[in-house]
Amino acid sequence: MNTNLTTNKSLLSWLDEKVALLKPSKIVWIDGSKEQIDALKAEAVETGEMIKLNEELLPDCYLHRTAENDVARVEDRTLICTKTEKDAGPTNHWMEPSKAYEMLYNIAAGSYEGRTMYIIPYSMGPVGSPFSKIGIEITDSIYVVLNMNIMTRIGTKVLDTLGDSDDWVRGMHCKCNVDPENRWICQFPEDNTIISVNSAYGGNVLLGKKCFALRIASYLGKNEGWQAEHMLILGLQKPSGEVKYICAAFPSACGKTNLAMLIPPEGYIKKGYKVWCVGDDISWIRKGPDGRLYAINPENGFFGVAPGTNMKSNPNALKSTMQGTIFTNVCHNLDNNTVWWEGLDKNPPVNAIDWKGNPWNGEQSDEKGAHPNSRFTAPAVNCPCISPEFENPQGVPISAIVFGGRRAKLTPLVYQSKDWNHGVFVGSIMGSETTAAATGAVGVVRRDPMAMLPFCGYNMGDYWKHWIEIGETLDPDKAPKIFNVNWFRKDDEGNFLWPGFGDNLRVLDWIIDRCEGKVDAQKTAIGYLPYAKDINLEGLDMTEEDLDKILDVDKTAWEEELKGVEELYAKFGDTLPEELAAELEEVKADLAK
């Protein structure tokens with residue numbers, strides 16, 4: 001055992017309890033040194049847990065396969081354990097804490113016998129930033145250590161910052177037998193604790209990610225007056241050199257990472273526009289000394305979905321994976337010892353091993369080479385468009401907050417909320433239509449308020465109330481303006497009406513112009529819509545008349561939509577903020593005019 005790296009009493013006493021429970025054969029403190037990380041990589045290769053890839057083509061990159069029953073987050077086994085069920089709210093799965101601890105400790109007892117306990121001190125956010133929070137994760141998985149080394153800031157410097165404080169998030173991960181029947185990912189927001197058992201897959205075991213950075217942090221934010229949100233952060237640099245920052249929330253499969261790493265259309269690049277990526281997934285937002293809202297990305301890497309990532313869809317994401325990356329459940333190309341996945345290119349390898357570990361010929365097989373949720377864990381510093389402000393401990397000032405979803409007919413390309421509370425309403429009614437791949441029924445709206453449905457660590461009614469209370473503390477002149485976008489409008493033949501990808505910059509440009517008061521907008525029942533003339537269509541095969549088709553408000557369709565909103569709101573009973581009930585009534589009244 002390398003000796004304790006800290007004298008923190010609360011931490012050492014917690015570790016003593018866990019050592020007694022789990023009975024590890026060996027204990028290793030993760031100090032974050034290159035020597036230690038390199039040794040762990042070598043050990044993982046030796047045991048077969050990871051495969052070292054081609055050093056010339058993919059330097060310091062590795063491939064890992066999880067169990068076939070353990071390839072994604074499991075929402076029905078993800079619990080919020082609060083003293084009362086009401087505090088967890090109607091959209092979370094709940095268990096009473098003492099019952100949950102007993103169940104988890106019974107499953108985990110003795111599970112580290114013959115295994116090593118790794119103790120990972122990590123910081124969410126730059127070490128020492130006023131935004132940042134510290135966690136300790138114990139795990140029996142080298143894979144977890146090496147991923148946490150990419151996704152967070154780890155090691156001795158974190159413990160030095162923590163000192164004797166008791167303000168740290170307790171995280172216990174036990175692979176156990178990777179048994180889906182006994183797999184649980186439990187958050188105890190009132191105890192600052194996360195426990196994950198019987199999984200070895202990223203989203204369930206990298207406890208700094210959704211478990212801490214959203215579920216626990218959203219609860220901390222409510223109590224401490226800040227926000228943890230499922231939002232990308234991007235900086236839009238205008239030709240003048242000035243950069244404006246936007247936070248944006250989208251449900252999965254709506255192009256969040258693509259937007260975070262957007263490459264502007266050629267005409268915009270020539271004029272001097274740039275997009276800077278501060279973060280692709282999570283934002284921690286708090287008020288700065290000047291009264292504006294500032295955001296940091298609490299993560300240090302990208303945990304991206306591999307399939308569909310290519311040099312056309314997201315060149316910056318692909319370039320981010322070229323060094324120091326761990327690939328999970330992708331296809332292994334044996335001819336050159338690299339990786340491949342569906343949508344990478346049109347040349348699947350013929351001499352390969354699929355994600356399950358079986359021989360695979362991409363020209364003949366009906367099976368997929370990579371799992372649809374296969375992943376890359378890549379250092380953020382690799383990203384060609386990573387923001388110069390990425391490590392800024394004070395965060396970046398936010399001009400606009402954007403919500404979005406996938407709607408074929410209803411929602412316009414972009415509209416602006418009337419004010420902050422109406423913006424909270426717009427975020428609360430967010431949803432995406434299911435695609436054919438997801439369910440039998442196509443076009444069913446799955447509500448995902450603020451894209452936080454699976455990630456809110458407490459009652460979502462109280463979460464909306466927290467948004468409203470944040471708004472009350474802001475000077476309206478300094479508060480971010482709130483918008484909604486929909487890149488996915490279709491015509492009657494099912495063709496997309498907006499080109500999307502890099503051309504989404506045209507909409508972001510209008511959003512910033514609105515924030516700066518440079519363009520007018522038309523007031524409608526749902527909010528402020530652009531005039532088609534104010535969105536730059538230069539270089540697009542599109543007229544202002546074409547654009548008008550995706551800037552309309554179909555009153556009948558919206559009236560139908562609000563029935564779905566009423567169903568959602570009804571779930572919350574007396575925890576639904578009165579302000580949102582009032583916003584709903586106002587929109588209904590405006591539509592009826």
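**Exercise 1. A sheet of four strands**

Identify the bridge partner of asparagine 333 in β21, then place this pair in its sheet.

*Solution.*
Step 1. In this predicted model, asparagine 333 has threonine 338 of β21 as its bridge partner.
Step 2. The pair belongs to two strands: β20, residues 331-333, and β21 are joined in the antiparallel sense over 3 bridges.
Step 3. These strands are part of an open sheet of 4 strands, whose order is β21-β20-β22-β23 and whose pairing is antiparallel.
Step 4. The edges are held by β21 (338-340) and β23 (359-360); each has a single partner strand, so one side of each lacks a neighbour in the sheet.

**Exercise 2. A sheet of five strands**

State in which order the 5 strands of the open sheet that contains β19 are arranged, and which strands lie at its edges.

*Solution.*
Step 1. As background, strands of a sheet pair through backbone hydrogen bonds, in either a parallel or an antiparallel manner.
Step 2. The order of this open sheet is β2-β3-β19-β24-β18, and its pairing is mixed.
Step 3. The edge strands are β2 (51-52) and β18 (301-305), each of which pairs on one side only.
Step 4. Consider one pairing in detail: β19 (residues 326-328) and β24 (residues 375-379) are antiparallel, with 3 bridges. Threonine 328 has arginine 375 in β24 as its bridge partner.

**Exercise 3. Strand β6 and its partners**

Determine how many of the residues of strand β6 are buried, and in which sense β6 pairs with β1, β7 and β8.

*Solution.*
Step 1. Strand β6 spans residues 116-124 and is mostly covered, with 9 of its 9 residues buried.
Step 2. The side chains are then sorted by direction. Thr116, Tyr118, Ile120, Tyr122 and Met124 point one way, whereas Met117, Ile119, Pro121 and Ser123 point the other way; all of them are buried.
Step 3. Strand β1 (residues 26-29) runs parallel to β6 and is joined to it by 4 bridges. Here lysine 26 is placed opposite threonine 116 of β6.
Step 4. Strand β7 (residues 133-139) runs antiparallel to β6, with 7 bridges between them. Proline 121 is placed opposite isoleucine 136 of β7.
Step 5. Strand β8 (residues 153-154) also pairs with β6 in the antiparallel sense, over 2 bridges. In this pairing tyrosine 122 faces isoleucine 154 of β8.

**Exercise 4. Two helix pairs**

Classify the arrangement of α12 relative to α13 and of α16 relative to α17, and give the handedness of each crossing.

*Solution.*
Step 1. Two packed helices are described by the angle and the distance between their axes.
Step 2. For α12 (residues 420-428) and α13 (residues 460-472), the axes come within 9 Å and cross at roughly 155 degrees. Because angles over 145 degrees count as roughly antiparallel, α12 is roughly antiparallel to α13.
Step 3. The crossing of α12 and α13 is right-handed. Trp420, Asn421, Val424 and Ser428 of α12 make the contact with Trp464, Trp467, Ile468, Ile470 and Gly471 of α13.
Step 4. For α16 (residues 555-570) and α17 (residues 578-592), the axes come within 10 Å, and the crossing angle is roughly 160 degrees. By the same cut-off, α16 and α17 are therefore roughly antiparallel to each other.
Step 5. The crossing of α16 and α17 is left-handed. The residues of α16 that take part include Trp558, Leu562 and Tyr569, and those of α17 include Leu580, Leu584 and Leu591.

**Exercise 5. Cysteines and disulfides**

Find how many disulfides the model contains, and explain why cysteine 174 is not bonded to cysteine 176.

*Solution.*
Step 1. A disulfide is a covalent bond between the sulfur atoms of two cysteines. The cut-off applied is a sulfur pair within 2.5 Å.
Step 2. The cysteine sulfur closest to that of cysteine 174 belongs to cysteine 176 and is 5.0 Å away, which is too far for a bond.
Step 3. Cysteine 186 is likewise in no disulfide: the nearest cysteine sulfur, in cysteine 81, lies 4.4 Å away.
Step 4. The count of disulfides is 0.
Step 5. Accessibility can be added. Cysteine 174 counts as buried, at 0% relative accessibility, and cysteine 186 counts as buried at 0% relative accessibility.

**Exercise 6. Helix α14**

State how many residues of helix α14 are buried, and which glycine follows the helix.

*Solution.*
Step 1. Helix α14 (residues 505-515) is mostly covered, since 10 of its 11 residues are buried.
Step 2. Among the buried residues are Leu505, Val507, Trp510 and Ile512, together with the charged-type names Arg506 and Asp509.
Step 3. Glycine 517 follows α14 and has a positive phi, near 70 degrees.

Terms used: Residues are numbered from 1 along each chain as its sequence is written. This is a predicted model: local features need pLDDT of at least 70, side-chain atom pairs count only at pLDDT 80 or more; totals for chains, interfaces and linings use all residues. Side-chain values use heavy atoms; hydrogens and water are left out. Two strands pair if DSSP finds at least two bridges between them. Buried means under 20% relative accessible area, exposed over 50%, partly exposed in between (1.4 Å probe, protein chains only). Axes are lines fitted to C-alpha atoms, for helices over the stretch in contact, and angles run from 0 to 180 degrees between N-to-C directions. Angles under 35 degrees count as roughly parallel, over 145 as roughly antiparallel, 65 to 115 as roughly perpendicular and the rest as oblique. A crossing is left-handed if the near helix is turned anticlockwise from the far one by less than a right angle, and right-handed if clockwise. Contact means heavy atoms within 4.5 Å.
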